[in-house]
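Work through these exercises with the model open beside you. Each task is followed by a stepwise solution.

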Amino acid sequence: MRIGFLVNDLATERPDYTTTALALAALQRGHEPWYIGVEDFVYDPRERVVTLARSVPAARKRPPASRDKLLELLRGDDARREELKVDDLDVLMLRNDPADDAERPWAQTVGLLFGQLAVRHGVLVVNDPVGLAQAINKLYFQLFPEEVRPKTLITRDSEQIRRFLDELGGTAVLKPLQGSGGKNVFAVRDGDVSNLNQIITAIGREGYIVTQELLPEAASQGDVRMFLMNGDPLRVDGKYCAYRREPSGGDLRSNLSAGGEVRPVEIDDKHLRVAELVRPKLIQDGMFLVGLDIVGDKLMEVNVFSPGGIEMAGTLAGVDFASAIVAGLERKIEWQGHYHGNLGNAGLATI
């Protein structure tokens, strides 16, 4: 099986990234992982979609022993560099994060556009690019059941933000509608609005502002990142692919990029209830691999673009979740053969 991994840039990939773990697991299971950057597509005059892809050296007989070595081989002079027609791939995994390409706006939708072309050529693309197009900003979050969402206002009007803050008792989180990684996330507590104008101005430079109910558990316990595959909690040997992210040094943000710390977590009925309520829409939208960020019994984020942390969850649980995900792709390709492509990409993405 040939698996293409679309990334922002091979040069910025790291050993601890989920994509690296998936590529190594694919090699270990006898498949060919190919890395493709957002700059590496070609739509030629014959209406072929071509990728300028890289894989490990052809002469290598065994998979590399570590993720560090895998990246070293991919970046080395001996790496395989080929022009592959997109239909030479069995699977294309869209592992680029549009939020990481803020300085290259043209690159943010490349995965969606070329992913849809790949679907037309019979390639299984996950997550489904049509579903991802709906999720390009946090408005997608509002399409899930109200029962699992904190109270939220989305606007650029400062007076509406102030009125909503009053309704919430003066405590809320403000963040940009688009973006990730904890950038420009602010907390207003107990009616302290002395710098509210500066906060609104800072976030407003990026577009619409999300004002969201601040759940008490977020400050004291952080959040839980739980992964779903095919709409179900990912579990191997009875262990869930999940962990708790705790804020560090009083910082509200539990994102690892913002200094959050990782702890093991016991998945309970509250977490499973949230997963069950969001499951139907994720299946409908062809979301194969998703990361849910949960506080208490509320959903804070739905991560459908390149959700990360799989290898971290595996280390905490002592389980190889990456291999289970590749096995899931193997099953999809098997079913694709049985149905001769009649299920469509979104249907296959959630088998």
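**Exercise 1.** In this predicted model, is E246 buried, partly exposed or exposed? Then find its salt-bridge partner.

*Solution.*
- Step 1. E246 has 25% relative accessibility, so it counts as partly exposed.
- Step 2. Its side chain meets that of R263 in a salt bridge, at 3.8 Å from N to O. The cut-off is 4 Å, so the pair qualifies.
- Step 3. Place both residues. R263 lies in strand 17 and E246 in strand 16, so the pair ties together parts 17 residues apart in sequence.
- Step 4. Check the partner. R263, at 35%, is partly exposed too.

**Exercise 2.** Which residues share a salt-bridge network with R2?

*Solution.*
- Step 1. R2 bridges to E32, with the closest N and O atoms 3.1 Å apart.
- Step 2. R2 sits in strand 1 and E32 in strand 2, 30 residues apart.
- Step 3. Follow shared partners: R2, E32, R80 and E82 join into one network.

**Exercise 3.** What is the strand order of the open sheet that holds 4 strands? Add the helices that lie on it.

*Solution.*
- Step 1. The order is 8-11-9-10, with antiparallel pairing.
- Step 2. Strand 8 (152-155) and strand 10 (186-188) are the edges, each pairing on one side only.
- Step 3. Look at one pair: 5 bridges join strand 9 to strand 11. Here P176 has I209 as its bridge partner.
- Step 4. Add helix 5 (residues 158-167), which lies across strands 8, 9, 10 and 11 and runs at about 170° to strand 8.
- Step 5. Add helix 6 (residues 196-204), which touches strands 9, 10 and 11.

How values were computed:
Residues numbered from 1 in each chain as written. Predicted model: local features only at pLDDT ≥ 70, side-chain atom pairs only at ≥ 80, totals over all residues. Heavy atoms only, no water. Pairing = 2+ DSSP bridges. Helix = DSSP H or I, 4+ residues; strand = E, 2+ residues; numbered from the N terminus. Contact = heavy atoms within 4.5 Å. Axes fitted to C-alpha atoms, helices over the stretch in contact; angles between N-to-C directions. Buried < 20%, exposed > 50% of the residue type's maximum accessible area, 1.4 Å probe, protein only.
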